[in-house]
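Here's a quick briefing to read alongside the structure. Have the viewer open and follow the topics in whatever order suits you.

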Amino acid sequence: MPHRSGRRTAVRVAVPVAVAAVIAAGVGLVPALADDSPPDLPTLTAEQLVAKALGSQAQTLSGTVSVSADLGVPSQLLAAGGGIGGAVGSGSASGSGSGPGGAGSESGTSSAAAPEAKLAGLLDGEHTLRVAVDGPDRQRIGLIENLAGYELIHNGDQAWAWDSSTNEALHLTGPQGARPQGHPGKAPLTGVPTTPQEAARQFLAAGAGTTAVTVDGTANVAGQKAYRLSVRPTQSGSTIGEVRIAVAADNGVPLAVVVKGADGGTVLDVHFTEVSFAKPAAKTFDFAVPKGAKVTERKAEGGPAAAPSEQVAKDAAGSVEGLNVIGEGWTAVLSAKLPTDGPAVPGDGGRGRHGKGGPAALQSPLALAKALGKPVAGGSLISSKVLNVLVTDDGRVFAGAVTLPVLQSAAGVK
């Protein structure tokens, strides 16, 4: 099988994994594309519609995003992921002094407001987000949860994250004029898609060559007339059966993404319930530290908006050896080798014995991976409805939105 390495290649060929594991955003197993009276629109070919979506020049929007994730990720893995996220956040803070308007700032400590600590919780269940975008320099994402909320704000060379449940804020600063990763379709705040626009653009840009795309009628989504795309793998062995994308007829902005598993069940539903393409007010991207908030300072190298996810990647690279990509497209497999001697990570989400935390809860990454899996030929399998991970007996790891036989083939298991 062809061998590739490098972050850009890994992201492109592993987008089916990203689409499954990341669209950590939104609400409800509600059929986003359900429609009693679909609009009558001019006929477009699949090629024209894909070009329309990828070439959309819309730079401003605001609205409500609803997502439901039913990926079947083991609860133990979600708990461990939250603990790892918090640990990662603790190692990347810098600076000190008084937080503006808050109770003070700290460095070298973890923050409950760190985006890394929030992502794991978005891999399952229902969530609602308020989003606003004004070009590549201003974005705001608000997660609405019961009586609490979470905010991510990027405004020029400043970025803030705030968790209302703990009244903690994370302040990221970058070089003057630093810019994020391009247009709003590249997930500038979190490194993962949080809107249908981001998810669809990433997916369509990376699926060429291993994908069959057809136009599947029209629909009304969030008050907008839209075309529907059906995207299916041409390869066998993927755990994803189909991705349905609704594309706005007027400006090409993707309005909804529904991911179906190989068995036909919905595993992910991300869609706008309200959307406007008017320019958001400038004050939308202002942030004032709430009274009494604990503020953690962090230097954002290479651009404030990209810093949270890039820091995770840097820290992960330090503990994962030989990250490679095997295959391509829908059946791409990421391979790596986990160290057996650390760094230690929380084995139960950081709670420790009797829920008090402490060294007793720490395990090596390899020990944790094996503990979460079930025995299969060649090692242990950690499985979900979309993402599967094979940890071999000799400490190698193979992961992808693929079936076990594909992982075993990549690992050379007979």
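What follows is a short tour, from the overall build to the cores, the helices and the side-chain pairs.

Keep in mind that this is a predicted model. The protein chain has nine helices and 22 strands, and 52% of its 414 residues count as buried. There's one aromatic pair to look at, plus seven salt bridges.

**Overall build**

- Take the contacts between residues at least 6 apart in sequence: 63% of them join residues at least 24 apart.
- The chain exposes about 17400 Å², and carbon and sulfur atoms supply 53% of that area.

**Nonpolar cores**

- The largest nonpolar core has 50 residues, and strand β11 (residues 240-248) gives the most to it, with six residues.
- Val243, Ile245 and Leu255 are the residues with the most contacts inside this core.
- Leu255 is worth clicking on: leaving out residues up to four places away in sequence, it touches Pro196, Val221, Gln224, Ala226, Ala246, Ala248, Val270, His271, Phe272, Val275 and Phe277.
- A second core, separate from the largest one, has 11 residues, among them Leu381, Val402, Leu407 and Ala410.

**Two helices and a buried serine**

- Helix α9 (residues 404-411) has Val406, Leu407, Gln408, Ala410 and Ala411 as buried residues.
- Right after α9 comes Gly412, with a positive phi near 80 degrees.
- In helix α3 (residues 46-54), the buried residues are Ala46, Leu49, Val50 and Ala53.
- Looking down the axis of α3, you'll find its buried residues within an arc of 100 degrees, so they line one face of the helix.
- Ser335 sits in strand β16 (residues 333-337), and it counts as buried because its relative accessibility is 8%, under the 20% cut-off.
- Setting aside residues up to four places away in sequence, Ser335 touches Gly322, Leu323, Asn324, Ile326, Val397 and Phe398.

**The aromatic pair**

- The structure's one aromatic pair is made by Trp160 and Phe287, with 5.1 Å centre to centre and 35 degrees between the planes, which makes it tilted.
- This pair links distant parts of the chain, 127 residues apart: Trp160 is in strand β7 (residues 158-163), while Phe287 is in the loop between β13 (266-276) and β14 (294-299).
- Trp160 has a relative accessibility of 10%, so it counts as buried.

**Salt bridges**

- Asp70 and Lys385 form one of the salt bridges, and their closest N and O atoms are 2.7 Å apart.
- Asp70 is in strand β2 (residues 60-70) and Lys385 is in the loop between β20 (379-383) and β21 (388-392), so this bridge ties together parts that are 315 residues apart in sequence.
- Both ends of that bridge are partly exposed: Asp70 has a relative accessibility of 25%, and Lys385 has 45%.
- Another salt bridge brings together the side chains of Arg130 and Glu274, at 3.6 Å from N to O.
- Here Arg130 comes from strand β4 (residues 124-134) and Glu274 from strand β13, so the pair ties together parts that are 144 residues apart in sequence.
- Arg130 counts as partly exposed at 40% relative accessibility, and Glu274 counts as partly exposed at 48%.
- The side chains of Arg396 and Asp394 also meet in a salt bridge, at 3.1 Å from N to O.
- Arg396 is partly exposed, with a relative accessibility of 29%, and Asp394 is partly exposed too, with a relative accessible area of 43%.
- There's also a network to trace: salt bridges with shared partners join Arg232, Glu242 and Arg244.

Methods:
Residues numbered from 1 in each chain as written. Predicted model: local features only at pLDDT ≥ 70, side-chain atom pairs only at ≥ 80, totals over all residues. Heavy atoms only, no water. Phe/Tyr/Trp six-rings, centres within 6.5 Å; stacked < 30°, edge-to-face > 60°. Helix = DSSP H or I, 4+ residues; strand = E, 2+ residues; numbered from the N terminus. Buried < 20%, exposed > 50% of the residue type's maximum accessible area, 1.4 Å probe, protein only. Salt bridge = Lys/Arg side-chain N within 4 Å of Asp/Glu carboxyl O. Contact = heavy atoms within 4.5 Å. Areas by Shrake-Rupley, 256 points an atom, 1.4 Å probe, with all protein chains shown as cover. Arc of directions from axis to C-beta. Core = buried A, V, L, I, M, F, W, Y, C linked by side-chain atoms within 4.5 Å.
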